[in-house]
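Let's take a walk through a protein model together. Keep the picture open while you read, and look for each part as it comes up.

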Amino acid sequence: MTATIRSFLPIALKDALLAAAIALGLSLLMIGVRPVDLPNGLGLSTHWNWVVIAVLSVFTGRFLLMIYWLWRRQYHAPLLPVANFLPHLSPSLFRFTNLLIALVLIALAIALPFLSFTDRYVLDIATLVLTYIMLGWGLNIVVGLAGLLDLGYVGFYAVGAYSFALLSTHWGLGFWMCLPLAGLLGGLFGVLLGYPVLRLRGDYLAIVTLGFGEIIRIILLNWYQFTGGPNGISDIPRPSFFGLEFTRSPEEGIQAFHSFFNIEFSPIHRIIFLYYVILGMALLTNLFTLRIRKLPIGRAWEALREDEIACRSLGINPTNTKLTAFGIGAMFGGFAGAFFATRQGFISPESFSFIESALILAIVVLGGMGRQMGVVFAAILLIGVTEFFRELQEYRMLAFGGGMVLIMVWRPRGLLSHRDPTILLQGREIPAIEKG
């Protein structure tokens, strides 16, 4: 093994030096020289230590990746056994293991607010992770099940958020009344997007959906009279617990949550309630997805994902199949947007940029397209873990990007690439070729 790795060293070293030279050229002006305010005007400050760190990081990473790729190309096996830590289980054992892990995670999520280490910061991160899990499960219908690459999913997220904000602030509707309306409006926009792009697929579909997301953001930014423009919408009402407000001194005629239950007022009560709201919404999204993928429409999505021409030959209408995927996936984006608006109490177009769509898509792809449990693990990794590195500022996104690269090299088909058979035939699992 040592002799083999030595034979790879010249090739890996040459490639790593080339990558380091490119990194040096890019980093000299991008991070090596920075403008600063001086008493007599604008000046420049140099940060050559940042350049050295960037070049060494690129050199080391590229060198190790080349060794890994050369090894796999020659021996068709991972360099380290840990690269395949997920065992090849039988379908029945895999389903049992998956169910057991799911039950443990659900029990842990329900008990999280009452654990000894839980504080408001932990609950805020958990709520954020659950929001992205719900968004990932919604996008997984479009990308993972139907095989339609959508880069504008944040547009439906924005439609749901602004729908709730406008309905609640102008017409005085509550969260529970606006929630289904936000989902319906999100689904309507999904159908409106899906109808003009029925003949597109692959990169062309991705470009159009990307444009749709940017159109939504620009409309929200420029339609000042309706959306508030860059100032956004503030004073969005919070949800109540069956009419009980989470305030210390509610308005006359409205009872507070703490006084009804005869407990001491605490701001954490509202945070815990919002956490359980998004937990319930996420679990309902998962349950709906698991059930619908076993119905004819769900199997039609998978057939469309595998081969659209074969899908047509089987008598499946691709038009209706694509529209249902876009509409249902967008509906869950609208639900999540409504929750985001009521949780924040303020929304603006800055919250719905392209980076949000890219992040949600990364969660679906890294988790394993079509895998519900994979979305959970990817959201915890990309959202929960990186939130703890927020204090590192510039290095937070560097760690985020590096983690994505490592996962895609290590598990190119996602963290959980195994997909459980959708249906059974005469007590046996249907192979992928039979499911068409």
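**A tour from the outside in**

Start with the outside: the accessible surface of the protein comes to about 23700 Å², and 68% of that belongs to carbon and sulfur atoms. Keep in mind that what you're looking at is a predicted model. The chain has 436 residues, and 44% of them count as buried. In terms of secondary structure, you'll find 17 helices and four strands. How do the parts of the chain meet each other? Take the contacts between residues at least 6 apart in sequence: 72% of these join residues at least 24 apart.

Now go inside. The largest nonpolar core has 87 residues. Those with the most contacts inside this core are L139, Y275, M281, W301, I347, F352 and I363. Which helices supply it? At least two residues each come from α4 (120-145), α5 (153-171), α6 (175-194), α7 (203-222), α10 (268-292), α13 (318-344), α14 (354-367) and α15 (372-387). The biggest giver is α4, with 16 residues.

Let's zoom in on Y275, one of those well-connected residues. Setting aside residues up to four places away in sequence, Y275 touches A109, L112, P113, L123, A126, T127 and L130. There's also a second, separate core, this one of six residues, and F8, A12, I67 and L70 are among them.

Next, a helix from that list: α13. Is it mostly enclosed or open to the outside? Of its 27 residues, 22 are buried, so α13 is largely enclosed by the rest of the structure. You can check its length too: at 1.5 Å a residue, α13 should span 39 Å, and its end C-alpha atoms are indeed 39 Å apart. Both ends have something to look at. At the start of α13, a side-chain oxygen of N317 comes within 3.0 Å of the backbone nitrogen of T319. Just after α13, G345 takes a positive phi of about 75°.

Time for some charged pairs. The count comes to seven salt bridges, and three of them make a nice set to visit. In one, D124 pairs with R120, with the closest N and O atoms 3.9 Å apart. Both residues lie in helix α4, four residues apart, which is about one turn of the helix. Why does that spacing matter? An α-helix has 3.6 residues a turn, so residues three or four places apart point the same way. As for how open the pair is, D124 is partly exposed at 25% relative accessible area, and R120 is partly exposed at 41%.

Over in helix α7, E214 and R217 are three residues apart, so about one helical turn separates them. Their side chains meet in a salt bridge, at 2.9 Å from N to O. Here E214 is partly exposed, with a relative accessible area of 24%, and R217 is partly exposed as well, at 23%.

The next stop is helix α12 (residues 308-313), where E308 and R312 sit four residues apart, again about one turn. Their side chains form a salt bridge at 3.3 Å, N to O. Is E308 buried or exposed? With a relative accessible area of 10%, which is under 20%, E308 counts as buried. This pair has company, too: salt bridges that share partners join E308, R312 and K322 into one network.

Now have a look at S168 in helix α5. At 6% relative accessibility, S168 counts as buried. What does its side chain reach? One target is the backbone oxygen of F164, at 2.7 Å, and another is the backbone oxygen of A165, at 3.1 Å. Leaving aside neighbours within four places in sequence, S168 is in contact with L173, C178, I236 and P237.

Finish back at the outside with L26, which has its place in helix α1 (residues 2-30). L26 counts as exposed, because its relative accessibility is 51%, and the exposed class begins over 50%. If you look for V51, you'll find it 25 residues away from L26 along the chain, with 9.3 Å between the two C-alpha atoms.

Notes
Residues are numbered from 1 along each chain as its sequence is written. This is a predicted model: local features need pLDDT of at least 70, side-chain atom pairs count only at pLDDT 80 or more; totals for chains, interfaces and linings use all residues. Side-chain values use heavy atoms; hydrogens and water are left out. A nonpolar core is a set of buried Ala, Val, Leu, Ile, Met, Phe, Trp, Tyr and Cys residues joined through side-chain atoms within 4.5 Å. Buried means under 20% relative accessible area, exposed over 50%, partly exposed in between (1.4 Å probe, protein chains only). Contact means heavy atoms within 4.5 Å. A salt bridge is a side-chain nitrogen of Lys or Arg within 4 Å of a carboxyl oxygen of Asp or Glu. The expected span of a helix is 1.5 Å times one less than its number of residues. A polar contact is a pair of N or O atoms within 3.5 Å; within protein, one must be able to donate a hydrogen and the other to accept it, and residues adjacent in sequence count only if both atoms are side-chain atoms. Accessible areas come from the Shrake-Rupley method with a 1.4 Å probe; for residues, only the protein chains shown count as cover.
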